[in-house]
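Student: I would like to go through this structure with you. Please tell me how each label is earned.

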Amino acid sequence: MTKAKWTLETTAVQAGNRQGAHGAIAMPITLASNYRHDGLAAARDFSPAAGYSYARLATPIRRVLEQNLARLEAGQQAFALSSGMAAVQLALSFLRPGDEIVALDDLYGGVFRYFGYLAEHAGIHWATWDGHEIAELVAQLTPHTKVVWLESPSNPLMKQVDIAAVARAVHQFDPAIKVMVDNTFLTPVYQQPLILGADVVVHSATKYLSGHNDLLGGAVIVKDEALAATYYDYYLMTGDTLASFDAWLLLRSLKTLPVRMKQHTANARYLAAHLPELPGITKVIYPGVGGMVSLTMASAALAEQVLDHLQLISFAESLGGVESLITIPYYQTHADVPVETRLALGITPCLLRLSVGLEDPADLLADFKQALAPGDEP
Ligand SMILES: Cc1ncc(COP(=O)(O)O)c(C=O)c1O
C-alpha cells in the first residue's frame, strides 16, 4: 500500500505540489492527446511506469491525480474515470458468466440498474443482504461468489456496516472474494475501507471528492497489485478515463476535501438536531458524520410541497457539493428499483434525501421552516 508520509489533511493540501515542471505549486494542466516517443523501446512500453505516449493510457495531470487518490485511500493504485458508474463498471470488469455478487440491499439505484444489466446480458447474478447479521451475509456466499458490494452509510437509508467485520468474515470464507466499498458518502476523510480490510474502493468523484457540483468523475482504488494490473488492462482498452481538465479540477478540489468534509458534518449535525423540531418531519436519519441526511415527511403531499417551496436549497439530483441539494429517491435515484422493493426498504414518496452544503446551517433550517409553512413569512 502507498504509505502516506503525512496526515490525510497535509497529503490532501499538498496534492500536485512539487510534481509539476518549473516549481509550479499548482500542478499545471497538459491538454496534449499524444506525446512524441523517445525511440522504439519507449513506444513499445505500455506499463504504468512508462513515459507518456497517448492520453488514453496516461496524462501527467491524471497520473498525479491518481497518485493522490491512491495516497488518500491508502491504496496501491488508483484509476480516475469519466463517471462514478464508469468506476463501478471497471471494479466489476473481471467478472465472468456464472459469477455471483452479494450486495447490501440499500445502494445507489444506478448500481442496482447495472447489476440487473449484468444478470441479463452477462449471466452474473446478485443476491442482497440487509446489513444486520454478518452470519446472514456469509450464508449467502457460495463458491461462485466473487464480489461483496457495500455502501456505508448507504444511499438513501444511511445503513451503517462494520466494514472490518464484513471483510474478516468474507475473507475467512474465501480470501479470493473481493470486498468492494463505495466510499462516496464518507470519503477517506472519515473512512478508509482498504485499511479496514476491503479490497477495492469506488467513488463517484462527482460528489464530495470534487465538491463543487461542476464535474462528472469516478475513481477506483485498489491495494492488490495483481488486481491493479487486471484493471489497468481493461482501463486502457475501454478508455473510460477522466479528461485532463476535469482531472485538474478534481486534483484542485482534493486540497480542500478534509476542510469541506468537516464543515459538511458540522452543518449536517446542526440540521439533524433541529429538523425533528419542525412540524411535518416525522423522522430524520443521520449517521452522525458526513453531510447526508434523509428525512421522512408526514405525507407524500407534504414532501412535494417542501420540494416546491424551498428557496435556498435546490431540488436537484446529486450530492456532495458546497451548494445544498435535495432529492426524492423514490422518483429519482431509485426509480428503477422495483416498486415493491423500494417500499419494503422504506424508500417511499415521503422520503427526501438532503445533501447539506456549506451555507450557514441556520439559513438552511429557516428555508425548511418557510417551505413547511409557505405564506407564513412576511
Ligand atoms: C453512492 C453513489 N455511487 C455511485 C454513483 C454513480 O456516480 P456518477 O453519477 O458519477 O456516475 C452515485 C451517483 O449518484 C452515488 O450516489
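The questions below go from label to value to definition.

Tutor: This is a predicted model: local features need pLDDT of at least 70, side-chain atom pairs count only at pLDDT 80 or more, and totals for chains, interfaces and linings use all residues. Residues are numbered from 1 along each chain as its sequence is written.

Student: Why is Arg18 called exposed?

Tutor: A residue is exposed if 12 or fewer other C-beta atoms, placed from the backbone, lie within 10 Å of its own; it is buried at 20 or more, and partly exposed in between. Arg18 has 9 such atoms, so Arg18 is exposed.

Student: And what makes Ser318 partly exposed?

Tutor: Ser318 has 17 other C-beta atoms within 10 Å, so it falls in between.

Student: What is notable about phi in Arg18 and Ser318?

Tutor: Most residues other than glycine have a negative phi. Phi of Arg18 is near 65 degrees, a positive value. Phi of Ser318 is near 85 degrees, also positive. Arg18 is in the loop between helix H1 (8-13) and helix H2 (40-43). Ser318 is in the loop between strand E10 (314-315) and strand E11 (325-327). Helices (H or I, at least four residues) and strands (E, at least two) are DSSP runs, numbered from the N terminus.

Student: Which residues of helix H7 are buried?

Tutor: In H7, residues 163-173, they are Ile163, Val166, Ala167 and Val170.

Student: How do you know that they line one face?

Tutor: Look down the axis of H7. The buried residues fall within an arc of 95 degrees, so they line one face of the helix. The arc is that of the directions from the helix axis to the C-beta atoms. These residues pack against helix H6 (134-140), strand E4 (145-151), strand E5 (178-182) and helix H9 (193-196).

Student: Where are the cis peptide bonds before Pro153 and Pro156?

Tutor: Pro153 is in the loop between E4 and H7, and Pro156 is in the loop between E4 and H7 as well. A cis bond joins Ser152 and Pro153, with omega about -5 degrees. Another joins Asn155 and Pro156, with omega about 10 degrees. Most peptide bonds are trans.

Student: What makes strands E2 and E3 a pair?

Tutor: Two strands pair if DSSP finds at least two bridges between them. E2 (100-104) and E3 (125-129) have five bridges, in the parallel sense. The count meets the definition, so they pair. Ile101 stands opposite Trp126 in E3.

Student: Why is the unit of E2, helix H5 and E3 called right-handed?

Tutor: Point the strands away from you. A crossover is right-handed if the path from the first strand over the helix to the second runs clockwise. E2, H5 (109-122) and E3 make a right-handed β-α-β unit.

Student: Which are the edge strands of the open sheet of five strands?

Tutor: The order is E8-E9-E12-E11-E10, with mixed pairing. The edge strands are E8 (281-285) and E10, and each pairs on one side only. E10 and E11 run parallel, joined by two bridges. The bridge partner of Phe315 is Ile326 in E11.

Student: What is Thr282 of strand E8 in contact with?

Tutor: Contact requires C-beta atoms, placed from the backbone, within 7 Å. Leaving aside neighbours within four places in sequence, Thr282 is in contact with Thr296, Met297 and Ala298. The C-alpha atoms of Thr282 and Thr296 are separated by 5.6 Å, though these residues are 14 apart along the chain.

How values were computed
Two residues are in contact if their C-beta atoms, placed from the backbone, lie within 7 Å.
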